[in-house]
Amino acid sequence: MALKDKLPVSYLLFTTRGRINRLTYWTASLFIWTTFYVLFNLLELLFSYTATWIIYPLLFWALFATATKRLHDSNKSGFWLWLILIPVLGPLVLLFLLGFKRGSVYSNSFGVVPNSAPDYFKNADAEKIPHLKTDERIVNDVTQLNPIVVARVETPHTIKELQSIIKSADKPICIGGGRFSMGGQTASPHSIHIDMRRLNKVLEFSAEKKQIKIQAGIRWCDIQHYVDQHNLSVKIMQTYANFTVGGSLSVNCHGRYIGLGAVILSVKSLDVILPNGEMIHTSPTEQSEIFFACVGCYNAIAVIANVELELTENVAIKRSHKKMQRSRYKAFFFEHVRDNKDIVFHNGDIYPPFYKNVRAVSWTKTNKKPTVKTRLMPLAAAYPIERYFIGAFSKSRFGKWRREFIIDPILFSRKKIHWRNYEAGYDVFELEPESRKESTYVLQEYFVPVYKFDSFASLMTEIFIRHNVNVINVSIRHANADSGSLLAWAREEVFAFVVWYKQGTAEPDKDKVAVWTRELISATISLNGSYYLPYQTHATAEQFHKAYPIAKQLFDLKKQLDPGYKFRNVIWDTYYKSQRHEFGI
Ligand SMILES: Cc1cc2nc3c(=O)[nH]c(=O)nc-3n(C[C@H](O)[C@H](O)[C@H](O)COP(=O)(O)OP(=O)(O)OC[C@H]3O[C@@H](n4cnc5c(N)ncnc54)[C@H](O)[C@@H]3O)c2cc1C
């Protein structure tokens, strides 16, 4: 643990490392001078005036350390303290710099913005197993619901190293990106887990062509930092920016964008590594069979090494919102949102526990000045308010009522103008509960053809109410049809229902979730829809094949390219391994 966390006051008063803001500086100064005053008088009273000399070194060092850290906040070194020697003007300038000048809103050479996190939340490395002398490790995901023991973890730093690990592997292989999928998609028992997160370089970039080529272990937030300087944005990604590009492409992620859909629609080409270690270049027009078996296909036949993506302009966007009955939403969307080229992001939030009302939220291009100071999302070291409210919403019906009728009306009354990159830069950490031991937050997602919106919403409501599911939010998104992934979740234009709920971690709780999840999947399938695969694998094999009707083509290709079943994870252990005989593969 760092000194900063272990002894925060000692760190503040006696080290010159890092940055402090104005408030901390004034508070520390008050504390230093008050302590000095008390100690001075005590020493004089109990001993003598001479005894007070002992506290001067401490006083000067504390003043020097806090002042240095305050100067760092404006990206100035401690040498600026020499200003004190210039009569009159020097002390005045120093007083302004220390007590009144606002710190820079960006990280600088002295550290991150005070009280902010140094980086986006990351899942820890695979866990060591106490007292075990083997290389085995536990790979888990963000929910902590799916611990899986793997034989060892490999962390390649170059693509050559990655190829060599894959080629010479003596065991099956599973791949981990950010490990934010929630159902064991990144692990399989006794396999070699390849952690892709060190393969995170930008390889090529063209601002004119609005294109970037990156290694697949890079995260969206890293790309945002790179392209924001050129006023460009990632074209399609999720709402949160913690995820790796490889993990996002493998699930074929989507966000709140209007007029777009799954990320596959923004991928120009890929370099992928087959189970024999060979690397091939593929795109929607070159070796396209491989391309469509990689994007959205959970490392079934290849590991994605490099990715070429389309970018788009970073624009200022203004938030607007409207609350309405759920039965009005589809018409509202078609009249005001679907074909509006100025809307960048849109989603509708359905309010539990009655699921009758929706708040439709749009972010529309604007020429007005952003209401936020930074172009990119500033990170917080803690999110106490967000966590408090999420906890309250999940605790009771009254909590949910408060959200709909008190909290959201206040939150949405504020005018908000953000940069596109800012609005696409949320940190998953804001959703992290204090503990995931007894209960945990989990996601699920269902996709239905747009004209089936009302039918699905009614079926979903009935299932949630009957099973008393603790839903915190259902976010409605829109996506155009996929361009051809073999596991496309949008076979036509769809609405997505993103369900965020709380569940217990005990076995009976998991079983209950499995029951209502299967009911929801059946409801989706009955409407010719699909469900999302990065979440828990509760679907039966029959449901999987109904929701993904051309999965068999992927299985055939896997058999051909991966005859030894080298690439695996819980999805393939559940739906491919057990069915190889049934499908004659
Ligand atoms: C809070 C939260 C919000 C979310 N919001 C959204 C959302 O708005 N939209 C959405 O679409 N999804 C959303 N998701 C789901 C998220 O997109 C997926 O879980 C995604 O896979 C996360 O990326 P990752 O890097 O963590 O991938 P991982 O979980 O590490 O991996 C996912 C899959 O990809 C495979 N994989 C990883 N890297 C590679 C590679 N280089 N080559 C081949 N296969 C690879 C893994 O083996 C695994 O099967 C959300 C998840 C969370 C936790």
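Which element gives the most residues to the shell around the ligand? Keep that in mind while you get oriented; the stop at the ligand below settles it. The model on screen is predicted.

**Whole chain**

Start with the protein chain in cartoon view. There are 18 helices and 20 strands to find in the protein chain. Along the principal axes, the C-alpha trace spans about 95 × 60 × 55 Å. The radius of gyration is 27 Å, which agrees with the value near 25 Å that a compact globule of 585 residues would have.

Next, colour the two assigned domains. Select residues 3–100 for domain 1 and residues 316–547 for domain 2. Measured in the viewer or not, the centres to compare are those over C-alpha atoms: 49 Å separate domain 1 from domain 2.

**The ligand**

Now select the ligand and show what lies around it. The shell has 34 residues, and the closest are G177, G178, G246, G247 and S250. Three elements give two or more residues to this shell: β5 (173–176), α8 (245–251) and β12 (303–313). The opening question is answered here: α8 gives the most, with five residues. Colour the shell by class and you will find 16 nonpolar, 17 polar and one charged residues.

Stay with α8 and move on to the loop between α8 and β10 (267–273), where N252 lies. Phi of N252 is near 60°, a positive value in a residue other than glycine. Most residues other than glycine have a negative phi.

**Helix α3 and its two partners**

Select residues 22–46 for helix α3 and residues 55–73 for helix α4. The axes of α3 and α4 come within 10 Å and cross at roughly 175°. That angle makes α3 roughly antiparallel to α4. To see the contact, show side chains of Y25, A28, S29, I32, F36, L39 and F40 on α3, and of I55, L59, A62, L63, T66 and R70 on α4. By class, the contact of α3 with α4 has ten nonpolar, two polar and one charged residues.

Keep α3 selected and add helix α5, residues 89–100. The axes of α3 and α5 come within 8 Å and cross at roughly 110°, so α3 is roughly perpendicular to α5. Here R22, Y25 and W26 in α3 meet L98, G99 and F100 in α5. This contact has four nonpolar, one polar and one charged residues.

**A cis peptide bond**

Go to P353, in the loop between β14 (343–350) and β15 (357–365). Is the peptide bond from P352 to P353 cis or trans? The bond is cis, with omega near 10°. Most peptide bonds are trans.

**Helices α11 and α12**

For the last stop, select helix α11 (residues 384–395) and helix α12 (residues 397–411). The axes of α11 and α12 are 5 Å apart, and the helices pack at an angle of about 125°. At that angle α11 is oblique to α12. Show F389, A392, F393, S394 and K395 in α11, which meet G399, K400, R402, R403 and I407 in α12. The residues of this contact divide into four nonpolar, two polar and four charged.

Note on methods
Residues are numbered from 1 along each chain as its sequence is written. This is a predicted model: local features need pLDDT of at least 70, side-chain atom pairs count only at pLDDT 80 or more; totals for chains, interfaces and linings use all residues. A residue is near a molecule or strand if its C-beta atom, placed from the backbone, lies within 6 Å of it. Helices (H or I, at least four residues) and strands (E, at least two) are DSSP runs, numbered from the N terminus. Ala, Val, Leu, Ile, Met, Phe, Trp, Tyr, Cys and Pro count as nonpolar, Asp, Glu, Lys and Arg as charged, and the others, Gly among them, as polar. Domain bounds come from an automatic or database domain assignment. Axes are lines fitted to C-alpha atoms, for helices over the stretch in contact, and angles run from 0 to 180 degrees between N-to-C directions. Angles under 35 degrees count as roughly parallel, over 145 as roughly antiparallel, 65 to 115 as roughly perpendicular and the rest as oblique. Two residues are in contact if their C-beta atoms, placed from the backbone, lie within 7 Å. The radius of gyration is taken over C-alpha atoms; the globule rule is 2.2 Å times the number of residues to the power 0.38.
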